[in-house]
Amino acid sequence: MTTTDQMRDAWAATLREQWRARTVEQVWLRPGDWYHPAVDAFTEALASGACTAAAAARLGEVRGAAGVGIAETLDDVRLVYEILGREPGMDVVRALCEGWSGAVESLPVQVSCIDPESGLPTLEYLGVRMGETYGAARRYGHQAHVSHCLVLVDVATEDLPPWRRMARSAAMGRALSSALPAGHPMAALGGGAFAVLIARDGDLGEAVRRMRDQVNDHAARLQIADLLRQPPRIWIEPLPETHEQSVDLLHQLRR
């Protein structure tokens with residue numbers, strides 16, 4: 001092994017450890033399962049200056065097979081590029097998403113309350129949470145259709161290839177989760193549409209503004225602004241008087 005090879009390998013190892021520390025602190029949900037030999041292949045490709053697309057595809061594949069969501073996968077890779085002081089190219093994002101998608105599609109179908117692309121709850125889960133809201137309102141002598149509403153977010157453009165759709169969904173999941181405190185029921189409706197159940201109070205206008213800002217911010221970070229409707233459509237949808245009608249409304253909004 002030449003001195004150049006030794007220096008490259010040492011730099012790759014240093015980069016891997018910096019990456020691990022940052023991702024465990026900021027985005028990774030289960031620190032014990034972050035490492036995989038595919039991580040080494042990716043950092044070695046970065047250290048050598050070689051094309052990283054193949055290594056990114058393999059990394060996406062192992063993340064998908066391990067049940068890691070696409071949002072967490074994208075955020076993880078974004079951090080290593082943040083350490084390097086640059087953004088991942090679209091070829092890297094595409095390869096990562098395609099590897100992830102291929103692994104997920106090969107897994108046995110499982111019923112889940114989480115949409116794997118956005119990391120947000122499913123429409124069915126939001127329907128359950130809305131039922132809780134209607135029930136709580138009745139117990140306290142209120143009306144849920146007066147105290148709450150849906151905020152709908154539509155970023156759909158034309159039909160997108162699967163990897164671009166996943167990148168958009170991942171960005172939206174992170175954006176909406178970041179815009180609001182934990183505990184706000186929300187869901188992916190499919191086709192670039194999302195719904196959030198939120199109280200009709202003095203903070204409603206500010207919450208809508210935060211959602212808009214976070215959508216634009218995450219799109220810029222992942223360099224996918226061209227995949228979103230510009231500007232994103234965000235509007236307030238009144239709730240029907242009953243829970244059953246609200247579930248029907250969600251299904252009408254589903255794409």
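This is a short tour of a predicted model, going from confidence to salt bridges to a pocket.

**Colour by confidence**

Start with the whole chain, coloured by pLDDT. The mean is 87, and 96% of the residues reach 70 or more. Now pick out two elements. Strand 1, residues 148-154, has the highest mean pLDDT among the elements of the chain, at 95. Helix 8 sits at the other end of that ranking, with the lowest mean, 83. Keep helix 8 in mind, as it comes back at the pocket stop.

**Select Asp75**

Next, go to helix 4, which covers residues 70-84, and select Asp75 there. Is Asp75 buried or exposed? Its relative accessibility is 9%, and the cut-off for buried is under 20%, so Asp75 counts as buried.

Show the surroundings as sticks. Leaving aside residues up to four places away in sequence, Asp75 touches Val27 and Arg174. Then add Arg78 to the selection. Asp75 and Arg78 form a salt bridge, with the closest N and O atoms 3.7 Å apart. Both residues belong to helix 4 and are three residues apart, about one turn of the helix. Arg78 has 14% relative accessibility, so Arg78 counts as buried too.

**Select Arg129 and Glu132**

Move on to helix 6, residues 123-139. What joins Arg129 to Glu132 here? The answer is a salt bridge, whose closest N and O atoms are 3.0 Å apart. Because the two are three residues apart in helix 6, about one helical turn separates Arg129 from Glu132. Turn on the surface for this pair: Arg129 is partly exposed, with a relative accessible area of 23%, and Glu132 is partly exposed as well, at 45% relative accessibility.

**Select Glu206 and Arg209**

Now jump to helix 9, which runs over residues 204-221. The side chains of Glu206 and Arg209 meet in a salt bridge, at 2.5 Å from N to O. Here again the partners are three residues apart in one helix, about one turn. Glu206 has 34% relative accessibility and counts as partly exposed; Arg209, at 41%, counts as partly exposed too.

Before leaving, select the whole set Arg22, Asp75, Arg78, Glu82 and Arg174. Salt bridges that share partners join these five into one network. That takes you back to Asp75 and Arg78, the pair from helix 4. If you want to list every such pair, a search of the whole structure finds 18 salt bridges.

One distance to draw while you are here: from the C-alpha atom of Glu206 to that of Glu132. The two atoms are separated by 25 Å, and the residues are 74 apart along the chain.

**Zoom to the second largest pocket**

For the last stop, centre the view on Asp115, Pro116, Glu117, Ala188 and Gly190. Of the 25 residues lining the second largest pocket, these lie nearest its centre. Which elements give two or more residues to the lining? They are helix 5 (90-106), helix 6 (123-139), helix 8 (162-179) and strand 2 (186-190). Helix 8 is the element with the lowest mean pLDDT, worth remembering as you look at this part of the lining.

The volume of the second largest pocket is about 440 Å³. Colour the lining by residue class to finish: nine of the residues are nonpolar, nine are polar and seven are charged.

Key
Residues numbered from 1 in each chain as written. Predicted model: local features only at pLDDT ≥ 70, side-chain atom pairs only at ≥ 80, totals over all residues. Heavy atoms only, no water. 1 Å grid on protein atoms, 1.4 Å probe; cavity = no way out; pocket = protein on both sides within 12 Å on 5 of 7 lines; lining within 4 Å. Points joined across faces, edges and corners; volume = space filled by probe spheres on them. Helix = DSSP H or I, 4+ residues; strand = E, 2+ residues; numbered from the N terminus. Nonpolar A, V, L, I, M, F, W, Y, C, P; charged D, E, K, R; others polar. Buried < 20%, exposed > 50% of the residue type's maximum accessible area, 1.4 Å probe, protein only. Contact = heavy atoms within 4.5 Å. pLDDT = per-residue confidence, 0-100. Salt bridge = Lys/Arg side-chain N within 4 Å of Asp/Glu carboxyl O.
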